[in-house]
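Open the model in your viewer and keep the selection panel at hand. This tour goes stop by stop: what to select, then what is there.

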Amino acid sequence: MIRWLLLALIQLYRWLVSPLLPAACRFHPSCSSYAATAVREHGAVRGGWLAVRRLARCHPFCEGGIDPVPEPRKR
């Protein structure tokens, strides 16, 4: 349930807010795409944490580059 809510919020951001901002993403994939993939693959808690960590690195002093979502941990 929380996973679907987070994915819906990310999608709303992509539809409503992202088109209003200039294209200035430092990473590939974009932060919103990274967050959606992380939540889908890792669940709400770990995926949300990965997304927050990624957003914290998105600042002018970071070089950026290719930053894929890590593989899910084996149980």
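A crossing is called left-handed if the near helix is turned anticlockwise from the far one by less than a right angle, and right-handed if clockwise. Keep in mind that this is a predicted model.

**Stop 1: H1 against H2**

Select helix H1 (2-17) and helix H2 (residues 31-42). Look down through the pair. The crossing of H1 and H2 is left-handed. Their axes come within 10 Å and cross at roughly 165°. Angles over 145 degrees count as roughly antiparallel, and H1 and H2 are therefore roughly antiparallel to each other.

Now show side chains at the contact. From H1, pick Arg-3, Leu-6, Leu-7, Ile-10, Tyr-13 and Arg-14. They meet Ser-32, Ser-33, Ala-35, Ala-36, Val-39 and Arg-40 in H2. Colour this H1-H2 set by type: seven are nonpolar, two polar and three charged.

**Stop 2: along H1**

Stay on H1 and step through four of its residues. How accessible is Trp-4, buried or exposed? Trp-4, in helix H1, has 61% relative accessibility and counts as exposed. Draw a distance from Trp-4 to Pro-60: their C-alpha atoms are separated by 31 Å, with the two positions 56 residues apart along the chain.

Next, select Ala-8, also placed in helix H1. Ala-8 is partly exposed, at a relative accessible area of 39%. Its C-alpha atom is 21 Å from that of His-28, 20 residues apart along the chain.

Move to Leu-9 in helix H1. At 48% relative accessibility, Leu-9 counts as partly exposed. Leu-9 and Pro-22 are 13 residues apart in sequence and 20 Å apart from C-alpha to C-alpha.

Finish on Gln-11, again in helix H1. Gln-11 is partly exposed, with a relative accessible area of 28%. Draw a line to Gly-47: the C-alpha atoms of Gln-11 and Gly-47 are 36 residues apart along the chain and separated by 15 Å.

**Stop 3: H2 itself**

Select H2 alone. Check its length. At 1.5 Å a residue, its 12 residues should span 16 Å, and the end C-alpha atoms are 16 Å apart, which agrees.

Which residues of H2 are buried? Highlight Cys-31, Ser-32, Tyr-34, Ala-35, Ala-36, Ala-38, Val-39 and His-42. Then bring back the surroundings: the cover over these buried residues includes H1, strand E1 (27-28) and H3.

Step past the end of H2. Gly-43 follows, and its phi is positive, near 95°. For context, most residues other than glycine have a negative phi, and most peptide bonds are trans.

**Stop 4: the cis bond before H2**

Go to the other side of H2 and select Pro-29. Pro-29 is placed in the loop between E1 and H2. Is the peptide bond from His-28 to Pro-29 cis or trans? It is cis, with omega near 0°.

**Stop 5: H2 against H3**

Add helix H3 (residues 44-57) to H2. At what angle do the axes of H2 and H3 cross? The angle is roughly 160°, and the axes come within 7 Å. That makes H2 roughly antiparallel to H3. The crossing of H2 and H3 is right-handed.

Select the contact. On H2, it is made by Cys-31, Tyr-34, Ala-35, Ala-38, Val-39 and His-42. On H3, take Ala-44, Arg-46, Gly-47, Gly-48, Leu-50, Ala-51, Arg-54 and Leu-55. The residues of this H2-H3 contact divide into nine nonpolar, three polar and two charged.

**Stop 6: Arg-54**

Zoom in on Arg-54, which lies in helix H3. At 0% relative accessibility, Arg-54 counts as buried. What does Arg-54 touch, not counting residues up to four places away in sequence? Show Phe-27, His-28, Pro-29, Ser-30, Cys-31, Tyr-34 and Asp-67.

Leave Arg-54 and Pro-29 displayed together as you end. The two touch, and Pro-29 is the residue reached by the cis bond from His-28.

Terms used:
Residues numbered from 1 in each chain as written. Predicted model: local features only at pLDDT ≥ 70, side-chain atom pairs only at ≥ 80, totals over all residues. Heavy atoms only, no water. Axes fitted to C-alpha atoms, helices over the stretch in contact; angles between N-to-C directions. Helix = DSSP H or I, 4+ residues; strand = E, 2+ residues; numbered from the N terminus. Parallel < 35°, antiparallel > 145°, perpendicular 65-115°, else oblique. Contact = heavy atoms within 4.5 Å. Nonpolar A, V, L, I, M, F, W, Y, C, P; charged D, E, K, R; others polar. Expected span 1.5 Å × (residues − 1). Buried < 20%, exposed > 50% of the residue type's maximum accessible area, 1.4 Å probe, protein only.
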